[in-house]
Amino acid sequence: MSLLSPPERVDIVEVAPRDGFQSIRDPLPTDEKIRCIQRLIDAGITRMEIGSFVSPRAIPQMADTDQLVAAFADRAAMRFSALVPNLRGAELALAKGVRELVFVVSVSESHNQGNVRRSVAESLEDLARIVALLKQEGNACLRLDLGTSFDCPYEGTIAWHQVDDVLTRARDLCGDLHLEVALCDTTGRATPYQVANHFSRLVERHAGPRLKWAFHGHDTYGMGVANALFAIHHGATTLDAACAGLGGCPFAPGATGNTATEDLVYALNGGDVDTGIDLARLLEAADAIAALPGGQTASHLRQVPRGRVTSPP
Ligand code: COA
Ligand code: ZN
């Protein structure tokens, strides 16, 4: 048996302001969002998906993303990103000063149709236009979120070669652009072994200096932390998580929130993996998020007496 050696550092992308806040039916007041985001920054979060530039009719909860971007425009140390489903979203995000775009396309046709009302091929046509835009801009970068990379609420299990197919087509469009690719467990149904299988096969096929890997997990089946750990042991260097486990995707029936950031940080602290996050302060942010009216949260660490959570054995 060989000993596991964890990476020295993992980037955590806090996605509660996007994946989490979009799940609360009545849109939160912008000031309330700003207070939560500030608490997350105080806890040491340095990468955050601050919102999305989507149709306000599709997701009214994200309609104030431009105001959030403006409110935190002076934070030079922060890497804020925003999800965009189409060219229009990318244009709006760039015009508002967002430098990191998260383009979402699902591996399964039916989820892509449900989520962004177009085929995978049509989404990829928009990706090509966004890549051209980013090349013009020069100083902006791209994250590719491959939704339903493991399981689709309509089509069931997704095989690694289906992900490979969409990723290969997407990479052909990206040329020499630096890219962070996230395999997204949209439904939270993946197991650690499926995560390990997908990452090892895809990393082998797509290895290269311009490509980084991320895992975006939901905790529906309680696999979130284990899945994230298997991901970083098979090539991922970035993990998405939502403080307090806030969430539930409107286009993935039955799915609950992202893996709770605090649960993940506790596990990573146990391997001396540097995240830059202060767990005690993150729990304070989690308490504030859990107190938001209408939110569904799921966090193990919040249930444990505080004196016992900050340092793993
Ligand atoms: N931002 C803001 N408004 C947008 C937009 C964007 N990125 N894209 C389209 N719109 C507006 C259009 O201007 C149009 O407005 P109008 O009716 O006032 O003229 C309206 O939305 C419909 O545009 P259309 O291009 O026909 O889009 P659609 O109705 O086919 O919807 C999406 C497609 C992608 C815009 C929509 O499904 C969407 O925003 N989905 C987001 C899904 C999401 O965020 N899921 C969770 C994350 S995985
Ligand atoms: Zn998600």
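Q: Donors are N, O and S atoms within 2.8 Å of the metal. Which residues coordinate the zinc ion (ligand 2), and what makes them donors?

A: In this predicted model, the zinc ion is coordinated by Asp19 through OD, and by His216 and His218 through NE2, at 2.1 to 2.2 Å. Those distances fall within the 2.8 Å limit, so these atoms count as donors.

Q: How are the donor residues of the zinc ion (ligand 2) spaced in sequence?

A: The pattern reads D-x196-H-x1-H. Asp19 belongs to helix H1 (residues 16-20), whereas His218 sits in the loop between strand E9 (211-217) and helix H9 (224-232), so this pair ties together parts 199 residues apart in sequence.

Q: What makes the pair of Ser55 and ligand 1 a polar contact?

A: A backbone N or O atom of Ser55 is 2.8 Å from an oxygen atom of ligand 1. The limit is 3.5 Å, so the pair qualifies. Val54 passes too, because one of its backbone N or O atoms lies 3.2 Å from a nitrogen atom of ligand 1. For Arg88, a side-chain N or O atom is 3.3 Å from an oxygen atom of the ligand, so this is also a polar contact.

Q: How much of ligand 1 does the protein bury?

A: Alone, ligand 1 exposes 930 Å², and the protein buries 70% of that. The space ligand 1 takes is the largest pocket.

Q: Which residues surround ligand 1?

A: There are 20, and the closest are Phe53, Ser55, Arg57, Asn86 and Asn115. The shell divides into ten nonpolar, five polar and five charged residues. Its largest share, three residues, comes from H4.

Conventions
Residues numbered from 1 in each chain as written. Chains lettered and ligands numbered in written order. Predicted model: local features only at pLDDT ≥ 70, side-chain atom pairs only at ≥ 80, totals over all residues. Heavy atoms only, no water. Near = heavy atom within 4 Å. Polar contact = N/O pair within 3.5 Å; in protein donor to acceptor, adjacent residues only side chain to side chain. Areas by Shrake-Rupley, 256 points an atom, 1.4 Å probe, with all protein chains shown as cover. 1 Å grid on protein atoms, 1.4 Å probe; cavity = no way out; pocket = protein on both sides within 12 Å on 5 of 7 lines; lining within 4 Å. Sits in = over half its atoms within 2 Å of the grid points. Helix = DSSP H or I, 4+ residues; strand = E, 2+ residues; numbered from the N terminus. Nonpolar A, V, L, I, M, F, W, Y, C, P; charged D, E, K, R; others polar. Donors = N, O, S within 2.8 Å, 3.2 Å for Na, K, Ca; no water.
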